[in-house]
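Here are some exercises to work through with the structure open beside you. Try each task on your own before reading the solution below it.

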Amino acid sequence: MKQTIRRILMNNTMLSSVVDSSRIMIGRRRVKLALRQSSGGPSRLDRQHLDSLIEKYRDRGIGFDGKPTINRATQKVPFKPVTVNARGKIAANEICAMTPAHTTKDFLEIGCGEGQVAGFLAAEGRSATGIDLNGERFDPQYVEFGAKLVVADAGEIPFQDEDFDFVYSYYTFEHISDLDGLLAEVYRVLRPGGHLFVQFGPLYNSPWGLHATYAVPVPYCQFLFDRGMMDDYVEESGQYPIRYDELDGWSLNQYRELWNRFGTIFTCVKYREWSKLNSLDLVQQFPECFRGRVDHLDDLFVTSIRALFQKVSIV
């Protein structure tokens, strides 16, 4: 039933907007009330709270069962191939279903990871190229499907001007600090009238924004605990080290301002900010850990962004 409702909402922009607006209003009221009740300034919780909250939220972690989720010799978080394939197929089908993609000749993916999305687009007979900083992740099977996977920095895309009709990126923008440079490059390699589709999150200030559920499966752990304490726990439990430097740390307003800065060269076709309220009980329980730490109340419950833009030709 939940999946059916989600599909209906995704296909009905007006209904989605109403639901999102309602969630945002509820979220703002809950956060505002909690922060008003806080008497002190920013603070952190102790190790006892860390242990008890990990036990409480243990089942929310990715593969978290109290045992190491990694092979420390390779320093990799394991993902089942079937899961990677499934995610690739779903994303590729989603892109192909978009109206602008019906006539697209050449696709480019920013942050392609293993290459699964580009691979399944190529398997459908599309010309698909993916770039990523880490070529060691590339899976040969997706190259066999026909995808072209290239090691490259998104800030310096190694292709000619106007080489692509459609650029897309899944769950990568929250890891890139120079998004201005990236969007400038995307504009350069897009053909006139081309499209950019992005979906990314969790945003840094949202419940799972630290991207550390495999190690510290506690919502808002980036607000509740000192990094040193979390690092000690991660080391003791044999988990993969938290990759703080792989996150841009941007607030929601920074992304909103980014879209505004590029509004003259990209037209926004569709835009949605996804929100989740099921972890706000921690904000209400420990408001002193959040007070003064976010630019806007929405930061604490808007978790991800999904948008489609079209290149505007400048004469």
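**Exercise 1. Work out how many residues of helix 5 (residues 116-123) are buried.**

Solution. Keep in mind that this is a predicted model. Step one is the cut-off: a residue counts as buried when its relative accessible area is under 20%. Step two is to go along the helix, where Gln116, Val117, Ala118, Gly119, Phe120, Leu121 and Ala122 are buried. That makes seven of the eight residues, so helix 5 is mostly covered. As a last step, look just past the end of helix 5, where Gly125 has a positive phi of about 90 degrees.

**Exercise 2. Find the order of the strands in the open sheet, and name its edge strands.**

Solution. Start with one pair of neighbours: strand 1 (residues 106-110) and strand 2 (residues 127-132) run parallel and are joined by five bridges. Within this pair, Glu109 faces Gly130 of strand 2. Next, extend the picture to the whole sheet, in which seven strands follow the order 3-2-1-4-5-7-6 with mixed pairing. Strand 3 (148-151) and strand 6 (266-275) are the edges, since each pairs on one side only. From one strand to the next, the twist averages 15 degrees. Finally, see what lies against the sheet: helix 10 packs there and touches strand 5, strand 6 and strand 7. The direction of helix 10 makes about 5 degrees with that of strand 7.

**Exercise 3. Find which members of the largest nonpolar core touch the most other members.**

Solution. The core has 74 residues, and the members in question are Val216, Leu224, Phe225 and Trp259. Ask next which helix gives the most to this core: helix 7 (residues 179-189) does, with six residues. There is also a second, separate core of 24 residues, and among them are Ala92, Cys112, Ala128 and Leu149. To look closer at one residue, take Phe225 and set aside its neighbours within four places in sequence. What remains is a contact list of Arg44, Leu45, Asp46, His49, Leu50, Leu53, Val218 and Met230.

**Exercise 4. Classify the ring pair of Tyr214 and Tyr240 and the ring pair of Trp259 and Phe309.**

Solution. The structure holds 21 aromatic pairs in total. For Tyr214 and Tyr240, the ring centres are 6.0 Å apart and the planes stand at 65 degrees. Planes over 60 degrees apart count as edge-to-face, so this pair is edge-to-face. Now place the two residues: Tyr214 is in the loop between strand 5 (190-200) and helix 8 (221-224), while Tyr240 is in the loop between helix 9 (227-237) and helix 10 (252-261). The pair therefore ties together parts that are 26 residues apart in sequence. Tyr214 is buried, at 4% relative accessibility, and Tyr240 is buried at 11%.

Turn to the other pair. Trp259 and Phe309 have 5.1 Å from centre to centre and 40 degrees between their planes, which is a tilted arrangement. Trp259 belongs to helix 10 and Phe309 to strand 7 (residues 302-311), so this pair links parts that are 50 residues apart in sequence. Both residues are buried. They also belong to one aromatic cluster, along with Phe173, Tyr187, Phe200, Trp250, Tyr255, Phe266 and Tyr271.

**Exercise 5. Find the ring over which the charged end of Lys311 sits.**

Solution. The ring is that of Tyr187, and the charged end lies 4.4 Å from the ring centre. Tyr187 is also one of the residues in the aromatic cluster. For a further case, look at Arg272, which lies over the face of Trp274 at 3.6 Å from the ring centre.

**Exercise 6. Look at the backbone of Glu162 and His211, and at the peptide bond from Gly201 to Pro202.**

Solution. Begin with what to expect: most residues other than glycine have a negative phi, and most peptide bonds are trans. Glu162, however, has a positive phi of about 55 degrees. Glu162 sits in the loop between strand 3 and strand 4 (164-170) and is partly exposed, at 42% relative accessible area. His211 has a positive phi near 55 degrees as well. His211 lies in the loop between strand 5 and helix 8 and counts as partly exposed at 22%. Pro202 is found in the loop between strand 5 and helix 8 too, and the bond from Gly201 to Pro202 is cis, with omega near 5 degrees.

Technical notes
Residues numbered from 1 in each chain as written. Predicted model: local features only at pLDDT ≥ 70, side-chain atom pairs only at ≥ 80, totals over all residues. Heavy atoms only, no water. Core = buried A, V, L, I, M, F, W, Y, C linked by side-chain atoms within 4.5 Å. Buried < 20%, exposed > 50% of the residue type's maximum accessible area, 1.4 Å probe, protein only. Helix = DSSP H or I, 4+ residues; strand = E, 2+ residues; numbered from the N terminus. Contact = heavy atoms within 4.5 Å. Phe/Tyr/Trp six-rings, centres within 6.5 Å; stacked < 30°, edge-to-face > 60°. Lys NZ or Arg CZ within 6 Å of the ring centre and 35° of its normal. Pairing = 2+ DSSP bridges. Axes fitted to C-alpha atoms, helices over the stretch in contact; angles between N-to-C directions.
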